[in-house]
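The report below describes a model and the surroundings of its ligand. It begins with overall dimensions and then turns to the binding site.

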Amino acid sequence: MRTRDYFWYSFTHLKRTKGRSSLTVLGVALGVMALISIAAISTGFSAAIRHAMETEFNVKTIAVVPLFSNYTLTTDDVERIRRSISPQIITPVIISPATVIKGGVMESALLMGANISQVKYIWPEFYVAELGTLPRDEEWNNNDTAIVGHKLAEKLGLKNGDIIQVLCTSSGRPVVKNFTVVAVLKYTGMNLVGIDVDNGVLINVKYAKVMVNAPSKRDQISLILILTDSMKSAQYAATFIENDIYQGQVRAIAFAAYARAIENIDMLFRAMLQAFSIIALLIAGMGVMNTMFTSVRERIKEIGTIRAVGATRGNILLTFLAESILIGIFGTIAGVFLGLGVVYAIDKSNLLQAAIQLGGAIYIEAHPILTLKDLIISAIVGLTTAAIFGYWPARAASRLEPVAALRYE
Amino acid sequence: MPKVKLEIGKDVEVMVRCVDVHKDYIMGKVIVHALRGVNLEVRKGEFMSILGPSGSGKSTLLNMIGALDRPTKGEVWIGDIKVSDLDDHSRAYIRRKLIGFIFQAYYLVPHLTALQNVEIPMMLDGVSPSERRKKAEELLKLVGLGHRVHHRPNELSGGEQQRVAIARALANNPVIVLADEPTGNLDTKTGAMIAELMKKINRERGVTFIIVTHDIELAERTDRIVRLRDGVVVEDTGVKL
Ligand SMILES: Nc1ncnc2c1ncn2[C@@H]1O[C@H](COP(=O)(O)OP(=O)(O)OP(=O)(O)O)[C@@H](O)[C@H]1O
Ligand SMILES: [Mg+2]
């Protein structure tokens, strides 16, 4: 029997059972559609996460914090580390809980003292003004200049030019000072090692020291930020600082470690999506199998007849297999178009947004990315699934004894 | 190509030979002895019938001769080929090349047209579409259905369907046509026409016909009647001259 005759014979049968066949075809189409869109979503997410890690989630950065509350970091530590590892940038940061008052309204916030020019260099993406302009270095030296985070500004209705009162405690005594808001930052979504930038008031580290520290401990700082030249040196330097310089008294957090954790999350996410694809395919495959078993059951007499006029078991097997393959081909073609449609719709609707919270938080907006390879693989997998699930019904058909099939009522 | 000999010899005189053919069916704990030692010879070009009451084993015997099934014991020969020894694949080949089947309920493939139904045996044999279409058209003309080629079985009367089945049985130029109650579903007049058609084909083409029936009228239209009862041959008229 010729190959094209197997397909011709099955196709005439499919045409006669349009209703049932088209439902099965739809099942395969949905499976292929799921495969394509899931591949695109997953590729898009991975790309977005990779991008986030390389930019916002700066993998070349280390934060040094005291490990025990009885150890305190000072500006001397900045010099000490600078001398031993000579990083690209090293800068002290002071963090203190504070209350910000504006027009009689109070909000708790985070007072952050930093060298803005240096922090800006570490996270250029985060230091973008939403309102006002970011201060130049000489402006930053004014002792009443402040930048506020997006959330805090929203809560208090702050804009540039506003005067705010910042209240904090220094060795148990309350301290109040007025600042002029020069800029409001764009939303960053960043919350690394407890620094919620969006809820912060940024002032010069010099004045923060005076405000927060007791006169006897003026040089005390909360953490040290370090920028190295690569992810590798960041990890190496972090170990060196922790073990060799401080013998375990400080914790040096290389953000690369977080990056790895996020990569793991990404892998988990991919695995989950792949599981969904497999389920979608199994459902499609079961549909094909069910339809084909029904078909075999209905066509027992026909099978007996064809066997009587000379069909071998192999002829019967291939005839029924051809029918599953046809269902697979039609389903795959439809599925490719549906998949392209879904990917397009997801892309237009900005559906793929997520915040990943992990010690810090990064906010990710992804777009589906459909590669030709994924498209081809999805099509092949869809077709193969139909063929594989169609094999058992086809085999069952081929195993019928001709005499029994002819006597079947 | 199968290793065993599957081509029938040119000088064969005896077309079918059954030697002590037994067939048992096991139905749970009971054994049904459908055939209990059938001996039968049918010569080339005969037009004969096997007559017997329901359950006497007629269909079972026909299935043995047609290489659809294998006897529990005994030998079945088609010409000089011992078909009772052949494996499944070779028996399919024998059925395709040497035998044509006609059934009581026609057994046409419902989703195919008359023409396509006649093409099936040729399609199974790998004949090209144009060639088999031509042959199928000729055969449908031969059985008087030249004007019904594109009708599906459900658009044809019983007699017409049986004629399509006859055309299909002749598709690969078989040496034997086996008909199991070919007129069983038809009225007397249509049945008689089908019987005459088969006879005409036998006379014109020299194809051996074995017709199973319990209809004495149909049997009497044939040249020889073999009576079967309880799985054995009880009477054989021999070829009437
Ligand atoms: N596949 C089978 N399994 C079990 N028993 C069978 C089978 N085929 C036939 N038989 C039994 O064998 C006996 C002969 O059956 P067969 O069909 O050959 O009779 P028949 O002469 O063709 O009868 P009818 O005129 O009713 O068609 C019957 O008793 C039948 O029940
Ligand atoms: Mg019978």
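## Chain dimensions

The radius of gyration is taken over C-alpha atoms, and the globule rule is 2.2 Å times the number of residues to the power 0.38. For the 409 residues of chain A, a compact globule would have a radius of gyration near 22 Å, but chain A has 33 Å. Along its principal axes, the C-alpha trace of chain A spans about 105 × 50 × 30 Å. Chain B, with 241 residues, has a radius of gyration of 17 Å, which agrees with the value near 18 Å for a compact globule; its C-alpha atoms fill a box of roughly 45 × 45 × 45 Å along the principal axes.

Helices (H or I, at least four residues) and strands (E, at least two) are DSSP runs, numbered from the N terminus. Chain A comes to 13 helices and 16 strands, while chain B has 7 helices and 10 strands.

## Basis of the values

This is a predicted model, in which local features need pLDDT of at least 70 and side-chain atom pairs count only at pLDDT 80 or more, whereas totals for chains, interfaces and linings use all residues. Residues are numbered from 1 along each chain as its sequence is written, chains are lettered from A and ligands numbered from 1 in the order in which they are written, and side-chain values use heavy atoms, with hydrogens and water left out.

## The ligand site

Ligand 1 lies between chains A and B. Of the 15 residues around ligand 1 (a residue is near if one of its heavy atoms lies within 4 Å), those that come nearest are A:R407, B:S54, B:K58, B:S59 and B:T60. By class, this shell has 5 nonpolar, 7 polar and 3 charged residues, where Ala, Val, Leu, Ile, Met, Phe, Trp, Tyr, Cys and Pro count as nonpolar, Asp, Glu, Lys and Arg as charged, and the others, Gly among them, as polar.

## Polar contacts and burial

A polar contact with the ligand is a pair of N or O atoms within 3.5 Å. From chain A, an N or O atom in the side chain of A:R407 is 2.8 Å from a nitrogen atom of ligand 1. From chain B, the side chain of B:S54 places an N or O atom 2.5 Å from a ligand oxygen, and a polar side-chain atom of B:T60 also lies 2.5 Å from an oxygen atom of ligand 1. Taken alone, ligand 1 exposes 620 Å², of which the protein buries 73% (Shrake-Rupley method, 1.4 Å probe).

In chain B, the elements that give two or more residues to the shell are β1 (14-27), β2 (30-43) and α1 (58-65). The largest share, 3 residues, comes from α1(B).

Notes: A polar contact is a pair of N or O atoms within 3.5 Å; within protein, one must be able to donate a hydrogen and the other to accept it, and residues adjacent in sequence count only if both atoms are side-chain atoms.
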